[in-house]
Amino acid sequence: MKRGMLALIFACLASCGCAGKVDTDLLQARIREQAIQLAESENEIARTRAELKRALLESERLQAELTPKDGDTKPLTSLAARIDRVHIHSLASGGLNKDDQPGDDAVVIQFVPVDAEGDILKVPGDVEFRLSDPQAPSSQQEIGYWNFSADECREHWTRGLTSSGYQFTLPLQTRPKHNSLVLHLNFSTADDRQLEVSQIVKVVPASQTARRVGSQSQPRLVRTVDESDEMLPPVGGWDSDDEEEESDVDESEESAETTPTSDRALQHSANWTDATIPQLR
């Protein structure tokens, strides 16, 4: 009986030891699995933080691009809403001769967007230029047409001593025949508004330059002398005033020629006398 009880006890202890070993292995396996999951979660957090940092940097870059360079911290979208009209600088706009041929072959246009108070807004937009000659026949009135995108407009900003704005040099597609042309400008803002303005632009046509050159190069009438030293009258005859002048000149020259040389002897130190010697004062 005692032997049977001892055997039962040993059997129970053996079974408990096996069960404890199984529980330990299972616990260790779960710990390893949780460690792996924790490492994966930490890696995911690190990737998320890196992506968030890149997104913040990209947002700052875009904000910097949309912020004007002149100190105004408002984005372009809000500045575009402030645009009230477009102003063309008349003193900085006009004809331009680039090929050194008679007449202007280009025009320079400078304009700037302004708000209701007249303050300058450095905000680009899509631009269209149309130049026409209202004095020409209807079929020949259009001198040129040009259009630029907002990105191209941004590159044309200029700052001068007297004015600042977007400045364009536009080659004329047709030579003008009159000096007063009409410029139509259409400016499209970022908020899809169309702002139009017209301005008279002065140019120098080729015909006007030719007339100026002709008038400057026209030869003047000059009096000629023939072989017998007799003055020939110009076309149309002498004027009475010219005759009087010539007669006065001739008389003065004749009197100078007939004056004896001895009467006009030069006074020098060789013929000084006590009466004529210079005295210090």
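Q: What share of the 281 residues of the chain counts as buried?
A: In this predicted model, 22% of the 281 residues count as buried. The exposed surface comes to about 20900 Å². Carbon and sulfur atoms supply 54% of that area.

Q: How many helices and strands does the chain have, and in what order do the elements run?
A: The chain has 5 helices and 9 strands. From the N terminus, the order is α-α-β-β-β-β-β-α-β-β-β-β-α-α.

Q: What part of the contacts comes from residues 24 or more positions apart?
A: Take the contacts with a separation of 6 or more. Residues 24 or more positions apart account for 58% of them.

Q: Where is confidence lowest, and where is it highest?
A: Start with the general caution. Where pLDDT is low, the predicted coordinates should not be read in detail. Here the mean pLDDT of the chain is 75, and 60% of the residues reach 70 or more. Helix H5 (residues 240-258) has the lowest confidence, with a mean of 50. Strand S4 has the highest, at 96.

Q: Which contacts does the model give residues 217-232, beyond near neighbours in sequence, and how many?
A: The pLDDT is below 50 over residues 217-232, and this stretch has 12 contacts beyond near neighbours in sequence. Residues 258-264 are also below 50, with 2 such contacts in the model.

Q: How should I read an aromatic pair, and how many are there?
A: Use two quantities. A pair of aromatic rings is described by the distance of the centres and the angle of the planes. In this chain the count comes to 8 aromatic pairs. Phe111 and Phe129 form one that is edge-to-face, at 6.1 Å centre to centre and 65 degrees between the planes.

Q: Why does the pair of Phe111 and Phe129 tie together parts that are apart in sequence?
A: Phe111 lies in strand S3 (residues 106-114) and Phe129 in strand S4 (residues 126-132), so the pair links parts 18 residues apart in sequence. Both Phe111 and Phe129 are buried.

Q: Why is the pair of Trp157 and Tyr166 edge-to-face?
A: The ring centres of Trp157 and Tyr166 are 4.9 Å apart and the planes stand at 75 degrees, so the pair is edge-to-face. The cut-off for that class is over 60 degrees. Trp157 and Tyr166 are both buried.

Q: Which residues do ring pairs link into a cluster?
A: The cluster holds Phe111, Phe129, Phe148, Trp157, Tyr166, Phe168 and Phe187.

Q: How do strands S8 and S9 run, parallel or antiparallel?
A: First, a general point on strands. In a regular strand the side chains alternate between the two faces of the sheet. Strand S8 (residues 180-188) and strand S9 (residues 194-202) run antiparallel, joined by 9 bridges. One partnership is Asn186 with Glu196 in S9. The hairpin of S8 and S9 has 5 residues between the strands, and Asp192 there takes a positive phi near 65 degrees.

Q: Is Ser163 buried or exposed, and what does Ser163 touch?
A: Ser163 counts as buried, because its relative accessibility is 16% and the cut-off is under 20%. Ser163 sits in the loop between strand S6 (157-159) and strand S7 (164-171). Not counting residues up to four places away, Ser163 touches His89, Ala92 and Gln110. The side chains of Ser163 and Gln110 share a polar contact of 2.7 Å.

Q: Where does Ser149 lie, and which residues are in contact with Ser149?
A: Ser149 lies in the loop between strand S5 (142-148) and helix H3 (150-154). Ser149 is partly exposed, with a relative accessible area of 31%. Leaving aside neighbours within four places, Ser149 is in contact with Gly125 and Asp126. The C-alpha atoms of Ser149 and Glu128 are separated by 8.9 Å, with their positions 21 residues apart along the chain.

Methods
Residues are numbered from 1 along each chain as its sequence is written. This is a predicted model: local features need pLDDT of at least 70, side-chain atom pairs count only at pLDDT 80 or more; totals for chains, interfaces and linings use all residues. Side-chain values use heavy atoms; hydrogens and water are left out. Helices (H or I, at least four residues) and strands (E, at least two) are DSSP runs, numbered from the N terminus. Buried means under 20% relative accessible area, exposed over 50%, partly exposed in between (1.4 Å probe, protein chains only). Contact means heavy atoms within 4.5 Å. Accessible areas come from the Shrake-Rupley method with a 1.4 Å probe; for residues, only the protein chains shown count as cover. Rings of Phe, Tyr and Trp (its six-membered ring) pair if their centres lie within 6.5 Å; planes under 30 degrees apart count as stacked, over 60 as edge-to-face and the rest as tilted. Two strands pair if DSSP finds at least two bridges between them. pLDDT is the predictor's confidence in each residue, from 0 to 100. A polar contact is a pair of N or O atoms within 3.5 Å; within protein, one must be able to donate a hydrogen and the other to accept it, and residues adjacent in sequence count only if both atoms are side-chain atoms.
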